[in-house]
Amino acid sequence: MSKSETELLTLLRELDDPERLERPLHYDPAATGLKFGGLVRRLEADFGASCESERDTQDSSEYGRVHVPADATVCGTRIVVCVSKFGSLTEVCADNPGAFLGTDEAYKEGALDLGDLATVARALADLDYVSVPEELLESDYEGPSELKHFAPRPTWWTRFFGLW
C-alpha cells in the first residue's frame, strides 16, 4: 500500500538524523545487499530481462540503483529504481533521476507505461520498500541536518540519496 505525502514526509523526518548523513545508526550493509539483490532478481523476472545494477555507492546516502532496460519496457524508456541506505526508501524514475519531474510527467509525455510502473510498484511493496515520488524528493529540505555545504538548495533527495 502506498503512503500519502503527509505520511511520507513524516517518515522522512523520522529517518533524518543530523549526526548520520550517509547511513543510519544501525545500518546493516549485508542485509541491505541481500534485499537489494532480491529486488534485482524480482525486476529481472517481472520484466523478463537482465537488469544492470550499481551497489554500495561510496560517500552517498544512496545504496544503489537498478536499471530496467529500455527494450524491456512498453514505451522503450529505461526505468531506474534508486535505493537509499535509509529505511528502505526508493525512488522510481524514467531514464535517470531528474530526466522528468516524476513518473506522472514521464507518463504524460509517453515515456512510461502505467503497467510497467505498476509492476515496479508491486515488486517494491512485496519487498517492503517505501517508494517516495520524485516530486516530493525534489521539494525543499526542511529538516535538522546542515546540508547547505552539499547543495545550494538542499532537497529531500539531497538528504536521502545525495553524495557526501
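**Helix packing, nonpolar cores and salt bridges**

The crossing formed by helices α2 and α4 is right-handed. In this predicted model, the axes of the two helices come within 10 Å, and the angle at which α2 and α4 cross is roughly 145°. On the α2 side, the residues in contact are L39, R42, L43, D46 and F47, and these meet D116, T119, V120, R122, A123, L124 and D126 of α4. Sorted by class, the contact of α2 with α4 comprises six nonpolar residues, five charged residues and one polar residue.

Some residues of this helix pair also belong to the largest nonpolar core, which contains 26 residues; L39, L43, V66, V81 and V120 are the members that touch the most other members. At least two residues of this core are supplied by each of α2, β2, β3, β4 and α4. The largest share, five residues, comes from α2. In soluble globular proteins, nonpolar side chains tend to be buried together.

The surroundings of V81 illustrate how helices and strands meet in this region. Leaving aside residues up to four places away in sequence, V81 touches L39, L43, G64, R65, V66, T90, E91, V92, V120 and L124. Another core, of 19 residues, lies apart from the largest one and has L9, F86, W156 and F160 among its members.

Charged side chains provide a further set of links, and the model contains nine salt bridges. One of them joins E142 to R13, with the closest N and O atoms 3.2 Å apart. Because E142 lies in the loop between α5 (134-137) and α6 (156-161) while R13 lies in helix α1 (residues 5-15), the pair ties together parts that are 129 residues apart in sequence. The two partners fall into separate accessibility classes: E142 counts as exposed at 53% relative accessibility, whereas R13 is partly exposed, with a relative accessible area of 40%.

A second salt bridge is formed by E22 and K85, whose closest N and O atoms are 3.4 Å apart. Distant parts of the chain are linked by this pair, since E22 is in the loop between α1 and α2 (29-47) and K85 is in the loop between β3 (79-84) and β4 (89-94), 63 residues apart. K85 has a relative accessibility of 6% and therefore counts as buried, the limit for this class being under 20%. The pair does not stand alone, as E22, R23 and K85 are linked in a network of salt bridges.

In a third salt bridge, R78 is paired with D95, and the closest N and O atoms are 3.9 Å apart. Here too the pair links distant parts of the chain: R78 is in the loop between β2 (62-68) and β3, and D95 is in the loop between β4 and α3 (103-108), 17 residues apart. Both R78, with a relative accessible area of 23%, and D95, at 35% relative accessibility, are partly exposed.

The loop between β2 and β3 also contains A70. This residue is partly exposed, with a relative accessible area of 28%. When residues up to four places away in sequence are not counted, A70 touches G76, T77 and R78. The C-alpha atoms of A70 and A94 are separated by 9.6 Å, and the two residues are 24 residues apart along the chain.

Methods. Residues are numbered from 1 along each chain as its sequence is written. This is a predicted model: local features need pLDDT of at least 70, side-chain atom pairs count only at pLDDT 80 or more; totals for chains, interfaces and linings use all residues. Side-chain values use heavy atoms; hydrogens and water are left out. A salt bridge is a side-chain nitrogen of Lys or Arg within 4 Å of a carboxyl oxygen of Asp or Glu. Helices (H or I, at least four residues) and strands (E, at least two) are DSSP runs, numbered from the N terminus. Buried means under 20% relative accessible area, exposed over 50%, partly exposed in between (1.4 Å probe, protein chains only). Axes are lines fitted to C-alpha atoms, for helices over the stretch in contact, and angles run from 0 to 180 degrees between N-to-C directions. A crossing is left-handed if the near helix is turned anticlockwise from the far one by less than a right angle, and right-handed if clockwise. Contact means heavy atoms within 4.5 Å. Ala, Val, Leu, Ile, Met, Phe, Trp, Tyr, Cys and Pro count as nonpolar, Asp, Glu, Lys and Arg as charged, and the others, Gly among them, as polar. A nonpolar core is a set of buried Ala, Val, Leu, Ile, Met, Phe, Trp, Tyr and Cys residues joined through side-chain atoms within 4.5 Å.
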